[in-house]
Amino acid sequence: MDAYTSFAAVYDLFMDNIPYEEWCAYLTTLLKERGVGNGLVLDLGCGTGSLTELLAAEGYDMIGVDNAADMLEIAMEKRIANGRDILYLLQDMREFELYGTVAAVVSICDSINYILDYEDLVRVFSLVNNYLDPGGVFIFDFNTEYKYRELLGESTIAENREEGSFIWENYFDEETRINEYDLTLFIRKENKPESLFQKFEETHYQRAYSLEEIKKALKEGGLVFEACYDAFTKEPPKQDSERIYIVAREQGKK
C-alpha cells in the first residue's frame, strides 16, 4: 500500500480546516518551556511540510522526514516558494537516518498511529533517542482508542469541492485496534474539461495505542517519559480525549 500518493495532490485542499498556526504555537510553547528555542529540529512524518514551514519561520533549523514521495514533492515546492532552508529526506520513520543529532524531534498529526506493530514503535523511539542531543526533547501526538472507537470507526465522511471530492470510510477492528481508512478521491484532471474528474482509491491503516503502551515503548526505546497532555492544553488526558500529546527526553545513548 502506497499511502498518500493520489491524496497528496489534494491533501492541503481538504486539510485546510487544520489550524496549523495554532498547532505550531502550542508546539513551540512546549519546546521553549524545555529550553529548545532554536537549533536543529526534526519533523518526523512531515507530510506536505505545512508545520515544518511554520517551525522554520519560528527560527528552527528544520529537517523533514516522510516516506511519501508525492507529499515531499509538495513540501519542496513550498520550500522554494517561501525561500526556506529546509532539508527534506525521503525515509521510512522506522529506519530513518540523519547526519548528526538534533535538539528536538516532533511528530504531529497522528503519524505515530501509522506504526502498526509495537516492535516497530519501539524501533522508532529508539532511533529518535539515538538522534537526539543529550537531554534532547521528543514531542509527538497520537489519536486515542476512544477517537477510533467512538468517533471514526464505522463512519463515512465525504466532501465535495470544485477541485475535487472524497469519500472517507472508516472501519475499526476492536480486536486488533486497527482503523482502516478506505479513501476514494475524484480529482479534476488538469487541462481537461471542467466536468472531467479522475477516480483514485487508497487504503490507509492506523493503530490505536493506549497511553500505557506508549509509555512502555518509550522506556524500551531508551527515552524518558516526561509529560502527557490532552491535546492543545496543559491538562492531563481524559477518558474522552481524542488526541494526546507526549513529551519525552533523551536519557543517554545505549
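The legends below describe close-up views of a predicted model.

**View 1. The largest nonpolar core.** This core has 34 residues, and F125 and F138 touch the most other members. Two or more residues each are given by strand 1 (39-44), strand 2 (60-66), strand 4 (102-107), helix 5 (118-131), strand 5 (132-143), helix 7 (211-220), strand 10 (223-230) and strand 11 (243-250). Helix 5 supplies the largest share, 8 residues. In soluble globular proteins, nonpolar side chains tend to be buried together.

**View 2. Helix 3 and the residue that follows.** Helix 3 is mostly covered, with 6 of its 8 residues buried. These buried residues are S50, L51, T52, E53, L55 and A56. G59 comes just after helix 3 and takes a positive phi of about 105°.

**View 3. The salt bridge between K32 and E58.** The closest N and O atoms of K32 and E58 are 3.8 Å apart. K32 lies in helix 2 (residues 20-33), whereas E58 lies in the loop between helix 3 (50-57) and strand 2, so this salt bridge ties together parts that are 26 residues apart in sequence. K32 is partly exposed, with a relative accessible area of 44%. E58 is also partly exposed, at 39% relative accessibility.

**View 4. The salt bridge between D120 and R94.** In this pair the closest N and O atoms are 3.7 Å apart. D120 belongs to helix 5 and R94 to the loop between strand 3 (87-90) and strand 4; the pair links distant parts of the chain, 26 residues apart. D120 counts as partly exposed at 22% relative accessibility, and R94 is partly exposed with a relative accessible area of 37%.

**View 5. The salt bridge between K199 and E201, and a salt-bridge network.** The side chains of K199 and E201 meet in a salt bridge with an N to O distance of 3.8 Å. Both K199 and E201 are exposed. Elsewhere, E33, R34, E226, K234 and R249 are joined into one network by salt bridges that share partners. A search of the whole structure finds 17 salt bridges.

**View 6. A patch of negative charge on the surface.** The patch gathers E154, D173, E174 and E175. E154 is found in the loop between helix 6 (145-152) and strand 6 (156-160), and E175 in the loop between strand 7 (164-173) and strand 8 (178-188). The relative accessible area of E154 is 59%; because the cut-off for exposed is over 50%, E154 counts as exposed. E175 is exposed as well, with a relative accessible area of 75%.

**View 7. Positive phi values at E154 and R177.** E154 is a residue other than glycine, yet its phi is positive, near 60°. R177 is not a glycine either, and its phi is positive at about 60°. The place of R177 is the loop between strand 7 and strand 8, which is also the loop that holds E175. R177 has 16% relative accessibility and counts as buried, because buried means under 20%. In contrast, E175 is exposed.

**View 8. S107 in strand 4, shown with F232.** S107 is found in strand 4, one of the elements that give two or more residues to the largest nonpolar core. At 0% relative accessibility, S107 is buried. Along the chain, S107 and F232 are 125 residues apart, and their C-alpha atoms are separated by 14 Å.

**View 9. L185 in strand 8, shown with E33.** L185 lies in strand 8 and is buried, with a relative accessible area of 0%. L185 and E33 are 152 residues apart in sequence, and the distance from C-alpha to C-alpha is 41 Å. E33 is one of the residues in the salt-bridge network described for View 5.

Terms used:
Residues numbered from 1 in each chain as written. Predicted model: local features only at pLDDT ≥ 70, side-chain atom pairs only at ≥ 80, totals over all residues. Heavy atoms only, no water. Patch = residues over 30% accessible without salt bridge, like charges linked within 9 Å, V, L, I, M, F, W, Y side chains within 5 Å. Areas by Shrake-Rupley, 256 points an atom, 1.4 Å probe, with all protein chains shown as cover. Salt bridge = Lys/Arg side-chain N within 4 Å of Asp/Glu carboxyl O. Lys, Arg positive; Asp, Glu negative; His and termini not counted. Charge placed at Lys NZ, Arg CZ, Asp CG, Glu CD. Helix = DSSP H or I, 4+ residues; strand = E, 2+ residues; numbered from the N terminus. Buried < 20%, exposed > 50% of the residue type's maximum accessible area, 1.4 Å probe, protein only. Core = buried A, V, L, I, M, F, W, Y, C linked by side-chain atoms within 4.5 Å.
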